[in-house]
Amino acid sequence: MTHDRPAPDPSRRPADEQPLLEINHLGVDFALGTSVVHAVRDVSLHVRAGETLAVVGESGSGKTATALSVLRLNPSPPCVYPSGEILFDGHDLLRLPEKQLGRIRGRDIAMVFQDPMTCLDPLQRVGAQVAEVLRHHTGMSRAEAREAALAALDEVGIPDPALRFRQYPHELSGGLRQRVMIATALVARPRLLIADEPTTALDVTVQRQILDLLVALQHKHRMAVLLITHDLAVVAETADRVAVMNRGEVVETGDVLDVFEHPADDYTRTLLAATPRLEAA
Ligand SMILES: Nc1ncnc2c1ncn2[C@@H]1O[C@H](COP(=O)(O)OP(=O)(O)OP(=O)(O)O)[C@@H](O)[C@H]1O
């Protein structure tokens with residue numbers, strides 16, 4: 001007698017073996033007049049489907065420069081990439097023609113930032129901005145995109161989405177604006193989300209809600225997340241693995257629990273010692 005096997009629950013699958021994003025030996029320089037800042041030096045990282053990799057380090061350690069490199073969003077000039085490759089789906093994003101990279105941006109790889117106003121257009125209603133992403137990447141009709149955008153606003157926990165749809169960013173609170181930015185980033189169902197200090201500017205209660213939302217959406221859509229933060233408490237709550245950066249280099253990487261319980265590097269130990277909230281957690 002044969003038994004039908006139940007279909008596997010994708011949310012319970014372990015992260016894929018094969019990395020979705022692989023950064024190998026990345027260098028990022030900023031040429032300033034006659035001097036050069038080596039912002040990122042020989043950084044190698046990977047993120048698998050369905051997992052969160054947090055990149056931590058103090059201000060100026062090269063976290064944002066690394067994250068922006070993935071979509072070649074560092075301002076160029078002054079930015080150049082003296083070494084390395086960034087592989088996504090077998091393509092080296094550092095060398096992909098701009099047109100092809102443009103198709104990946106926002107569709108396969110999306111970003112959210114600390115300040116939603118860096119992505120949201122102050123002169124356009126929020127619903128139209130979410131719908132625009134869909135029209136651009138999926139070719140949906142206006143009516144379909146409107147329906148999907150309303151559903152996206154609802155999914156990120158915006159109350160009365162039909163009302164909010166018609167409002168401008170300045171009419172929303174900081175927390176709601178952050179939710180709109182997340183809806184805009186996720187509406188095309190990217191496989192990788194890069195979140196650069198997504199909660200730093202928010203007060204503690206709202207921070208918590210936005211982090212919970214990101215974690216829930218990540219599980220629901222089985223996204224990979226590259227999370228940039230200086231906050232080790234945020235890492236403890238959200239990430240599977242962590243890479244610690246100091247002065248442009250990765251000094252330690254591993255599973256969050258392993259690294260937090262048995263830090264191998266002096267700099268990681270210093271960072272952990274400076275985060276008393278962790279001990280209380
Ligand atoms: N556009 C730029 N022009 C010149 N130098 C830059 C630029 N962007 C970053 N840098 C320099 O590169 C180094 C790394 O900066 P980066 O923003 O990546 O650090 P970070 O770890 O993200 O810090 P923070 O947490 O403050 O954002 C710093 O020395 C910074 O001054």
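## Strand S9 and its neighbours

In this predicted model, strand S3 (residues 52–56) is joined to strand S9 by 4 bridges, and the two strands run parallel. Within this pairing, Val55 has Ala243 of S9 as its bridge partner. Strand S9 is also joined to strand S10 (residues 249–255), here by 6 bridges and in an antiparallel arrangement, with Val250 of S10 serving as the bridge partner of Met245.

The connection between S9 and S10 is a hairpin that leaves 2 residues between the strands, and Arg247, which lies in the turn, has a positive phi of about 50 degrees.

## Burial of S9

Strand S9 spans residues 241–246 and is mostly covered, with 6 of its 6 residues buried. The cover extends to both faces of the strand: Arg241, Ala243 and Met245 are buried on one side, while Val242, Val244 and Asn246 are buried on the other. Two of these residues, Ala243 and Met245, thus appear both among the buried residues of S9 and in the bridge pairs with Val55 and Val250, respectively.

## Packing of H3 against H6

Helix H3 (residues 126–138) packs with helix H6 (residues 174–186) at an angle of about 20 degrees, and their axes are 8 Å apart. Because angles under 35 degrees count as roughly parallel, H3 is described as roughly parallel to H6. The crossing of the two helices is right-handed.

On the H3 side the contact is made by Val126, Gln129, Val130 and Val133, and on the H6 side by Val180, Ala183 and Thr184. Sorted by class, this contact between H3 and H6 comprises 5 nonpolar and 2 polar residues, with no charged residues.

Notes:
Residues numbered from 1 in each chain as written. Predicted model: local features only at pLDDT ≥ 70, side-chain atom pairs only at ≥ 80, totals over all residues. Buried ≥ 20, exposed ≤ 12 C-beta atoms within 10 Å, placed from the backbone. Pairing = 2+ DSSP bridges. Axes fitted to C-alpha atoms, helices over the stretch in contact; angles between N-to-C directions. Parallel < 35°, antiparallel > 145°, perpendicular 65-115°, else oblique. Left-handed = near helix turned anticlockwise from the far one by under 90°. Contact = placed C-beta atoms within 7 Å. Nonpolar A, V, L, I, M, F, W, Y, C, P; charged D, E, K, R; others polar.
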